[in-house]
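Let's take a walk through this model together, stopping at a few side chains and a pair of helices along the way.

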Amino acid sequence: MFMQTPAVTEASAARPLIDGFGRHVTYLRISVTDRCDFRCTYCMAEEMTFLPKSEVLSFEEVDAIASAFVARGVTKLRLTGGEPLVRRDIMQLVERLGRHLGSGALSELTLTTNGSQLARFAGQLAAHGVRRVNVSLDSLDEKRFAAITRRGRLGQVIEGIDAAAAAGLAVKINMVPMKGINDDEIETMMAWAHARAFGLTLIEAMPMGDVDIDRFDSHLPLSVVRDNLKQRYTLEPLPMRTGGPARYARVKETGGTLGFITPLTHNFCESCNRVRLTATGQLYLCLGQEDRVDLRTAWREGGAEELDRALDRAMIAKPKGHDFLVDRSHRAPAVGRHMSVTGG
Ligand code: SAM
Ligand code: SF4
């Protein structure tokens with residue numbers, strides 16, 4: 001059955017997505033695949049069972065669902081995964097979604113990537129309207145990078161980052177600092193990123209999904225990192241918000257921007273503006289909770305109208321917030337699914 005993609009009209013944009021706590025949802029993250037060419041130790045186990053391809057939404061379905069959100073006032077889309085750039089023909093989806101930039105309905109289309117395929121795709125991303133990319137990079141040491149990602153080659157990622165910058169994309173580096181693993185590289189990473197005019201954002205590892213490392217052993221509260229950095233650098237708090245949970249500071253000595261995403265040490269749920277679509281069409285309403293709405297069934301069985309009603313149900317279901325905790329007695333994941341299912 002052919003179904004019309006939801007139309008983005010002024011009338012529908014006048015029905016914003018507001019949840020039960022008065023938060024305005026304007027940002028959709030879309031995991032286009034749960035697969036990845038890396039197996040970062042804090043994100044995945046070495047042995048992973050991925051979804052059968054038949055379960056994964058087609059690009060037409062992703063487009064229909066994303067367009068339903070845009071029709072309800074969502075202005076930012078981020079593609080993620082797994083690794084979004086390993087999904088076959090992914091540029092077709094980027095191009096399709098890019099039309100909402102052209103119409104002015106969307107202010108930003110972006111992606112989070114491990115960078116392994118960026119050298120190949122940076123030019124096309126820029127051509128389809130992408131202006132910024134977040135690239136995950138946890139070490140600048142080749143051996144350590146290989147150990148953390150279990151599959152990755154640092155040189156290939158650096159090449160990808162260079163290609164992104166050369167294509168005119170603004171680059172933000174995401175780093176997950178872990179105690180005893182890469183925490184001695186935070187300053188090196190900052191100097192490297194800022195010298196290239198890239199922002200650096202530090203992310204606290206969240207207890208999501210079973211992995212092979214002990215989350216408690218490697219847990220590093222960013223409050224501690226921040227206090228240490230403050231002894232050597234001047235961190236000037238920035239009012240800048242990108243619609244995300246990061247708090248930013250300008251580092252006076254480097255002139256660059258440093259972000260902190262602190263789901264454990266500082267809960268930011270009161271200003272949450274986002275929801276997350278999995279590759280199978282499940283809409284998760286909070287990264288740290290199980291509440292979800294099945295948008296694939298809504299679309300397949302009821303088309304645009306049912307999809308639109310499902311978004312209203314989702315707003316009622318969005319929980320107040322997460323309660324991640326990692327300590328001696330909380331080593332198990334807060335939620336069973338891996339970060340690669342809902343994307344970051
Ligand atoms: N593969 C892409 C990448 O690595 O950028 C996109 C997906 S990845 C799940 C998105 C982001 O989530 C990455 O920056 C990664 O470092 C981060 N991440 C993965 N598992 C995490 C966890 N358990 N806690 C915090 N961040 C995590
Ligand atoms: Fe893959 Fe990204 Fe997870 Fe690393 S963090 S395993 S690159 S999805």
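**A buried asparagine, some rings and two helices**

Leaving aside residues up to four places away in sequence, Asn-134 touches Arg-78, Leu-111, Thr-112, Thr-113, Lys-172 and Asn-174. This is a predicted model, and in it Asn-134 belongs to strand E4, residues 132-136. Is Asn-134 buried or exposed? With a relative accessible area of 4%, Asn-134 is buried, because the cut-off for that word is under 20%.

Now for the aromatic rings. Searching the whole structure turns up two aromatic pairs. In one of them, Phe-38 and Phe-145 meet edge-to-face, 6.0 Å centre to centre and with 85 degrees between the planes. Phe-38 is in the loop between strand E1 (27-31) and H2, while Phe-145 is in helix H5 (residues 142-149), so this pair links distant parts of the chain, 107 residues apart. Both Phe-38 and Phe-145 are buried. The planes of Trp-192 and Phe-198 stand at 65 degrees with the ring centres 5.9 Å apart, so this pair is edge-to-face too. Trp-192 and Phe-198 are likewise buried.

Two other rings have a charge for company. Lys-76 lies over the face of Tyr-27, 4.7 Å from the ring centre, and the charged end of Arg-226 sits over the ring of Phe-260, at 4.4 Å from its centre.

Finally, look at helix H2 (residues 59-71) and helix H10 (residues 295-317), whose axes are 10 Å apart and at an angle of about 10 degrees. H2 and H10 are therefore roughly parallel to each other. Among the residues that meet here are Ile-65 and Phe-69 in H2 and Trp-299 and Leu-307 in H10. The contact's residues divide into eight nonpolar, no polar and three charged.

Notes
Residues numbered from 1 in each chain as written. Chains lettered and ligands numbered in written order. Predicted model: local features only at pLDDT ≥ 70, side-chain atom pairs only at ≥ 80, totals over all residues. Heavy atoms only, no water. Axes fitted to C-alpha atoms, helices over the stretch in contact; angles between N-to-C directions. Helix = DSSP H or I, 4+ residues; strand = E, 2+ residues; numbered from the N terminus. Parallel < 35°, antiparallel > 145°, perpendicular 65-115°, else oblique. Contact = heavy atoms within 4.5 Å. Nonpolar A, V, L, I, M, F, W, Y, C, P; charged D, E, K, R; others polar. Buried < 20%, exposed > 50% of the residue type's maximum accessible area, 1.4 Å probe, protein only. Phe/Tyr/Trp six-rings, centres within 6.5 Å; stacked < 30°, edge-to-face > 60°. Lys NZ or Arg CZ within 6 Å of the ring centre and 35° of its normal.
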